[in-house]
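Work through the exercises below with the sequence and the model open. Each one sets a task and then solves it in steps.

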Amino acid sequence: QQQQQQQLMQQAQDFDPHTSSQCYWPPSENTTQLLNAYLSGLSSLDSKCLTQPGIITEGPYSDPISELLKRYGMDVDSLRRSMMTSDSVVPDSKGFQELVAGGHYRAALDLTGKFLAANGQGLEGRMERALHTHKTLQVWFCRFALLCKLKMFSDAHTELEAFRDFDQPDLYFEYHQDIYPGRKGCLVPFALRLLVAELPMHLGKHQETLDQLYRLLHVCQKVVDNLNGDLAEDGCDWTATSDDEREDLIALWNERKTQVSFSLGNCFVTMKEYRLALSIFEGLANESGGSEARGVVNKVSLYSGLGRLHLQSGNIEGAKLAFEKVEETVANEKMEEATGATVKMNRAFVCVSLGQYDKAANYFRSLTKMDPTNATAVNNLAVCLLYQGRLKDALTVLEEMIWKNPDNVQESVLFNLCTAYELESSKTTQKKKTMLELAAKYCTDTVSGDCFKLGQ
């Protein structure tokens, strides 16, 4: 999911309003009528038909680690906690990318708020009619992605309410002919539609997410059918100049179908509807192909995910079959070097499911030697050692990863280490504080204070 979110953010940043293939989205019949009446000059649009978005909270946003340090009377300055703020960068897309690349997500969130406020969509924006451009919609997407990344789902949901279903006339180029003369299509990036569809499941509203995702899938399939039928995206006669453009469009909309299908599968997994999730991912795995390196890696990833999903649902034999397909693909395409870690990880998970913790530990240990920063391998190695009653060895594994790679401290490892400290002794506060001090020196504001398990 994290990889998909990063991919979507890149797509939103690459959104080009001059590329019609990125902009098409079918308006509802009501919106079409409103736009036609507006363009013909027969009527003006009532403000109730337009969007009035605005942020609900202004930055700067508090840093969880700094807040914990203050709560326990620890000196933030002496720990040399160096944090970038929205004022540390140039207030443009490059400054935003610099903050995100450095892991300063709260500062990046603050920067999106400043940009939107400067464009009339700040705290007071919800009371005024917004002037949208493709840039403001890109910023809104980045803001929502950051809110979700920081698990601020309620804030994201509240801010999204102003956009309703993204079908208002002022979200289409036709409404902004003074800015985009002659342009047609929608200002809303597809990546934003997909992110918004996924949001309800993070608030426990899985059926709402499914409904929205299936609506997206229906539109994507309809567009693909139109294009395959020698028609334009909207079903009208094809007027483009080359077959290459049609093929590019078909590839684009098929990729969108794949993205929506992944989101559907992930939603079913969170609902523990493993049979439905498996049917979706199996379909995606069967559709994936190509001898190019990227195609092979995608296929390996899909079958590996299928196997692990089988294990999660208790179907060990199904997992073995999926993992066998992974190893067959790797051998046939001679991709052992690029995908060797995936194969070992799959074998390790099968051993865990069979209770063969010593054998699984050997696989995970081998993976940590290949990549000492592999948090999945380190965490699972520690778990295997715990199952063998080797608590001290598990603590050593987790501590070594943190102390040897302090500039690459990962939240999941911190959480598991602090949990292991609780298993070791009831007097663990000082050890947890030591981890907090380390995180203060090396971690950005993406780390949650909950991982230290210090209580309130």
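**Exercise 1. Decide whether K320 and E317 form a salt bridge, and place the two residues in the fold.**

Solution. The model is a predicted one.
Step 1: the closest N and O atoms of K320 and E317 are 3.8 Å apart.
Step 2: the cut-off for a salt bridge is 4 Å between a side-chain nitrogen of Lys or Arg and a carboxyl oxygen of Asp or Glu, so a distance within it qualifies. K320 and E317 therefore form a salt bridge.
Step 3: both residues belong to helix 14, which covers residues 316–333. They sit 3 residues apart, about one turn of the helix.
Step 4: K320 has a relative accessible area of 31% and is partly exposed, whereas E317, at 51%, counts as exposed. The cut-off for exposed is over 50%.

**Exercise 2. For the salt bridges D393 with R390 and E424 with K431, give the N to O distance and classify each residue by exposure.**

Solution. Side chains of opposite charge can pair when their charged atoms come close.
Step 1: in the bridge between D393 and R390, the closest N and O atoms are 2.9 Å apart.
Step 2: D393 is partly exposed at 34% relative accessible area, and R390 is partly exposed at 31%.
Step 3: the side chains of E424 and K431 meet at 2.9 Å, N to O.
Step 4: E424 has a relative accessible area of 35% and is partly exposed; K431, at 36%, is also partly exposed.

**Exercise 3. How many salt bridges does the structure hold, and which residues are linked in a network of them?**

Solution.
Step 1: the count for the structure is 8 salt bridges.
Step 2: the network links E422, K432 and K453.

**Exercise 4. Classify the ring pair W25 and F190 as stacked, tilted or edge-to-face, and say which parts of the chain the pair ties together.**

Solution.
Step 1: ring centres must lie within 6.5 Å to pair, and 12 aromatic pairs are counted by this rule.
Step 2: the ring centres of W25 and F190 are 6.1 Å apart and the planes make an angle of 45°, so the pair is tilted.
Step 3: W25 is in the loop between helix 2 (20–23) and helix 3 (29–39), while F190 is in helix 9 (residues 190–202); the pair therefore ties together parts that are 165 residues apart in sequence.
Step 4: W25 is buried at 10% relative accessible area, and F190 is buried at 6%.

**Exercise 5. Repeat the classification for W140 and F144.**

Solution.
Step 1: these rings have centres 5.4 Å apart and planes at 25°, so the pair is stacked.
Step 2: W140 and F144 are 4 residues apart in helix 7 (residues 134–149), a separation of about one helical turn.
Step 3: W140 is buried at 0% relative accessibility, and F144 is buried at 1%.

**Exercise 6. Which residues form one aromatic cluster with W25 and F190?**

Solution. Y24 and W253 join W25 and F190 in one aromatic cluster.

**Exercise 7. Which residues form the negative surface patch, and where does E247 lie?**

Solution.
Step 1: the patch is formed by D230, D243, D244, E245, E247 and D248.
Step 2: E247 lies in helix 11, which covers residues 243–270.
Step 3: E247 has 48% relative accessibility and counts as partly exposed. Patch residues need over 30% relative accessible area, so E247 meets that condition.

Note on methods:
Residues numbered from 1 in each chain as written. Predicted model: local features only at pLDDT ≥ 70, side-chain atom pairs only at ≥ 80, totals over all residues. Heavy atoms only, no water. Patch = residues over 30% accessible without salt bridge, like charges linked within 9 Å, V, L, I, M, F, W, Y side chains within 5 Å. Areas by Shrake-Rupley, 256 points an atom, 1.4 Å probe, with all protein chains shown as cover. Lys, Arg positive; Asp, Glu negative; His and termini not counted. Charge placed at Lys NZ, Arg CZ, Asp CG, Glu CD. Buried < 20%, exposed > 50% of the residue type's maximum accessible area, 1.4 Å probe, protein only. Phe/Tyr/Trp six-rings, centres within 6.5 Å; stacked < 30°, edge-to-face > 60°.
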